[in-house]
Amino acid sequence: AVMAEDQKFCLREVLDTFKSCLSEDKEVLIDQYVAGWRGLVRFMNSLGTIFSFISKDAVSKIQIMVNHRNGENGVQYITVQSMVKYELDNGLVDITKRGSYPESGCRTLLRLHRALRWLELFLERLRTSAEDSKTSVMCSEAYNESLAKYHPWLIRKASNMAFCALPGRPTFFEVMNVGTPEQVVAMLGDALPLISEVYQVTEELYSKHDLLDLP
Ligand code: 1PX
């Protein structure tokens, strides 16, 4: 029984990956960050094909980061801090308009970073929600407060339509495969402060280098 349990998808493990993102000196480890997103995308795919347009974009951004890690200068991409330094020192980032570096690590990770804020808001809503709360409403509120600001009308429209296809809270909690609703709530309470810290550390770094609006 324990074995079968292990093979099933479990959101706790995914969120644990984000816990392991911060090194001792509070640097954000890119391999772990990317692994966290990979797990989330897997979870989202299990919710239905209507989310494909979202997972396609997420997968392509994950792939760009993996390519940087596997490239000639992979060691420069161990942490977000070293990546920012390396790309800025070598002029590898389009700062004001899109140009020679559409796949810079800095602009690509910024997209995932903005999505992490959505995740934080959504999980916090799930954690504090009542039994009869609608996941679609929680999801779109979290989206409208975060990612939506950076998306054109058509993407906003498509996203909000996709959110309507989310299962209700009881089913959603079941798919997470963490245990009883109480256990889900407890797990979210454990995971959120760390996700939030990863977000804050990245936000401060990007803000310090004036990278929050990269095209
Ligand atoms: C317990 C909850 C777990 C839920 C896990 C869900 C994982 C979601 C992963 C979403 C990653 C989205 C990355 C989006 C990056 C982005 O903003 N890309 C846009 C800009 O990129 P560009 O290169 O052009 O500057 C791009 O235009 C995006 C296109 C696709 C639409 C993105 C909509 C994002 C909605 C996020 C909410 C997902 C809801 C899933 C429901 C569970």
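This section describes the ligand site and the salt bridges of a predicted model.

The ligand occupies the largest pocket of the structure. Around the ligand stand 25 residues, of which Asp57, Lys61, Arg107, Arg111 and His151 come nearest. By residue class, the shell around the ligand comprises 19 nonpolar, 2 polar and 4 charged residues. Two or more residues of this shell are contributed by each of the helices α3 (30-45), α4 (52-70), α6 (105-128) and α8 (153-163). The greatest contribution is that of α6, which supplies 6 residues to the shell.

Polar side chains approach oxygen atoms of the ligand at several points. For His151, a side-chain N or O atom lies 2.7 Å from an oxygen atom of the ligand. In the case of Lys61, the separation between an N or O atom of the side chain and a ligand oxygen atom is 2.9 Å. Arg107 likewise places a polar side-chain atom 2.9 Å from an oxygen atom of the ligand. On its own, the ligand has 940 Å² of accessible area, and 91% of this area is covered by the protein.

Beyond the ligand site, the structure contains 9 salt bridges. One of these salt bridges pairs Glu197 with Lys26, with the closest N and O atoms 2.8 Å apart. The two partners belong to distant parts of the chain, being 171 residues apart. Glu197 is located in helix α10 (residues 181-208), whereas Lys26 lies in the loop between α2 (11-19) and α3. The helix α3 that follows this loop is also among the elements that give two or more residues to the shell around the ligand.

Note on methods. Residues numbered from 1 in each chain as written. Predicted model: local features only at pLDDT ≥ 70, side-chain atom pairs only at ≥ 80, totals over all residues. Heavy atoms only, no water. Near = heavy atom within 4 Å. Polar contact = N/O pair within 3.5 Å; in protein donor to acceptor, adjacent residues only side chain to side chain. Areas by Shrake-Rupley, 256 points an atom, 1.4 Å probe, with all protein chains shown as cover. 1 Å grid on protein atoms, 1.4 Å probe; cavity = no way out; pocket = protein on both sides within 12 Å on 5 of 7 lines; lining within 4 Å. Sits in = over half its atoms within 2 Å of the grid points. Helix = DSSP H or I, 4+ residues; strand = E, 2+ residues; numbered from the N terminus. Nonpolar A, V, L, I, M, F, W, Y, C, P; charged D, E, K, R; others polar. Salt bridge = Lys/Arg side-chain N within 4 Å of Asp/Glu carboxyl O.
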